[in-house]
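Student: I have a structure in front of me and would like to go through it step by step. Can we begin with the ligand and then turn to the strands?

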Amino acid sequence: MNHTELKVGFVGFGGAALAQYRAFHLLDGCRVTAVYDPRPGGRTRARNLSPTLFITDDFDAFLNSGIDIVSVCSPDRTHAEYMARSLAAGKHVISEKPLTDALEGCQTILHAEQQAPDCVAAVQHQMRFLPIHQEMKRIIRRGELGKISYIEGYYVHNLTTRANAYDTWRFEDNATPLVYSGCHFVDLLRWLLDDEVVEVAGMANHIAFPDYPESDCNVILLRFRSGIIGKVITAFGAGRPQDHAVRVYGTEKSIENNLLFTRDNRHRVFIRPDPFQTISGERNMQRAFLEHNLNGNHSLKHRASYMLRGLQALAFGHLFEQLGRRYKELPDYAISNYPLRLYEHGFAVVASLNNFVEAIRTRTRPLCTVTDSAKTVATCLAGVESYRTGRFVAMDAYWLPEFAETPSIAPLAVEQQHALVTTRAAAP
Ligand SMILES: NC(=O)c1ccc[n+]([C@@H]2O[C@H](COP(=O)([O-])OP(=O)(O)OC[C@H]3O[C@@H](n4cnc5c(N)ncnc54)[C@H](O)[C@@H]3O)[C@@H](O)[C@H]2O)c1
């Protein structure tokens, strides 16, 4: 389909912007034309990537360079000002997660959005766009799990070398792992359940990444309005590859990553690795992603390793399932550690940006709005207060008047909790 071209400008040009730069190129009718970065390192990175970009350290010149979209990929603390100024200038804006790192910043962004009704504002919470998480959401919405009592998510990512690979802001701003990274799973759990947190209890330590200025391991417990208990783990220094496991316990069935367990101890694999990274209804994008990785300007080595990774995951998964079927006595332990990583970061980034661009073109709401993301920030901030004070923290003090669509954050009575579960099961 031919679309009017949308010109994209980046604010901050480090790791997140590099991932988005590649992703925007895959989207029909999008072209990256400008980069604003106050630090020379970011501007050099952009220049090395493409000498035709308009690259500047003057934010007004950046806004006036003819761009339609601003993608804010600067340090968390700076998002509010850039988003507000971009919206005031009539630009569509997408912010990297977290929306920002303080309630005042959230308010600034929400007010700016209200003043710019013709602009789309979204947040890059790409976890919502992984096929595995989208399927989990469908299973939960159908009510297949019965009554849910527990949900948890893991953000385990060894950042000991990545933290200051491009810039030192995480150290200068004491970026708390919970707000900066745990937000991925606080957001995912809220979204999966269509529910809000009423109370948070947290603990933190500082053992695995002593050079980091903040705690490096945060664990929070969340009490949802429905009575469901949640847990989010954020660990920056664990000696292992990334772990983004999710578990959901229901009375009829339970989810553990891509496995759906029933109460009679059976299981089925509800989503398999897709070597060609497909999402139903996103055909153009799928093709673009595939073509980019297989054809593009990539070396034979890149293409071969892309194919191999996908096929390896698929073959490994099938082999494991066959073994499970053949040797029924295989201990539960083995199957509950299904040896696959169903997290393709690049694909999720493309899918999330695609949703934002579609929202601009069709004048609809993006899947991840700024109000929704501000609630995630508020929940994380309550978690930070809890692990710092050692107390349970009620969400009331963090619930902004701007969150009007959910005005009350009081826990529900038991019969209301049951009603919520029934409504959720009946939702389309
Ligand atoms: N969605 C994800 O999975 C994901 C992953 C990593 C980071 N992020 C988020 O993306 C944002 C950027 O993180 P990153 O990992 O790219 O950081 P980075 O350290 O790799 O790069 C930061 C960039 O911002 C620039 N910068 C520094 N101060 C600035 C300022 N005041 N104004 C504008 N630019 C400034 C730096 O020069 C650098 O180019 C953060 O909000 C972070 O939380 C998201």
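Student: How far is a polar side-chain atom of Arg-170 from an oxygen atom of the ligand?

Tutor: This is a predicted model, so the distance is computed from predicted positions. A polar contact is a pair of N or O atoms within 3.5 Å. The pair formed by a polar side-chain atom of Arg-170 and an oxygen atom of the ligand is separated by 2.6 Å.

Student: How much of the ligand's accessible area does the protein cover?

Tutor: On its own, the ligand has 840 Å² of accessible area. Of this, the protein covers 93%.

Student: Which residue has a polar backbone atom 2.8 Å from an oxygen atom of the ligand?

Tutor: A side chain can also supply the partner atom: an N or O atom in the side chain of Gln-126 is 2.8 Å from a ligand oxygen. For the backbone, the residue with a polar atom 2.8 Å from an oxygen atom of the ligand is Gly-15.

Student: How many residues surround the ligand?

Tutor: The closest are Asp-37, Asp-76, Tyr-82, Arg-162 and Arg-170. By class, the shell has 10 nonpolar, 11 polar and nine charged residues. Helices that each supply at least two shell residues include H1 (15-26) and H8 (177-193). The number of residues surrounding the ligand is 30.

Student: Which strands stand at the edges of the open sheet of six strands?

Tutor: The order in this sheet is E3-E2-E1-E4-E5-E6, with parallel pairing. An edge strand has a single partner, so one of its sides is left without a neighbour in the sheet. The strands in that position are E3 (54-56) and E6 (121-124).

Student: In E4, which residue is the bridge partner of Val-11?

Tutor: Strand E1 covers residues 6-11 and strand E4 residues 69-72. These two strands pair in the parallel sense over four bridges. The partner of Val-11 in E4 is Val-72.

Student: At about what angle to E1 does H1 run?

Tutor: H1 lies across several strands, among them E1, E2 (30-36) and E5 (92-96). Its angle to E1 is about 170°.

Student: Which residue in the turn between E12 and E13 has a positive phi?

Tutor: Strand E12 (residues 253-256) and strand E13 (residues 259-262) run antiparallel and are joined by four bridges. In one of these pairings, Ile-255 has Leu-260 as its bridge partner. The two strands form a hairpin with two residues between them. The turn residue with a positive phi, about 50°, is Asn-257.

Note on methods. Residues are numbered from 1 along each chain as its sequence is written. This is a predicted model: local features need pLDDT of at least 70, side-chain atom pairs count only at pLDDT 80 or more; totals for chains, interfaces and linings use all residues. Side-chain values use heavy atoms; hydrogens and water are left out. A residue is near a molecule or strand if one of its heavy atoms lies within 4 Å of it. A polar contact is a pair of N or O atoms within 3.5 Å; within protein, one must be able to donate a hydrogen and the other to accept it, and residues adjacent in sequence count only if both atoms are side-chain atoms. Accessible areas come from the Shrake-Rupley method with a 1.4 Å probe; for residues, only the protein chains shown count as cover. Ala, Val, Leu, Ile, Met, Phe, Trp, Tyr, Cys and Pro count as nonpolar, Asp, Glu, Lys and Arg as charged, and the others, Gly among them, as polar. Two strands pair if DSSP finds at least two bridges between them. Contact means heavy atoms within 4.5 Å. Axes are lines fitted to C-alpha atoms, for helices over the stretch in contact, and angles run from 0 to 180 degrees between N-to-C directions.
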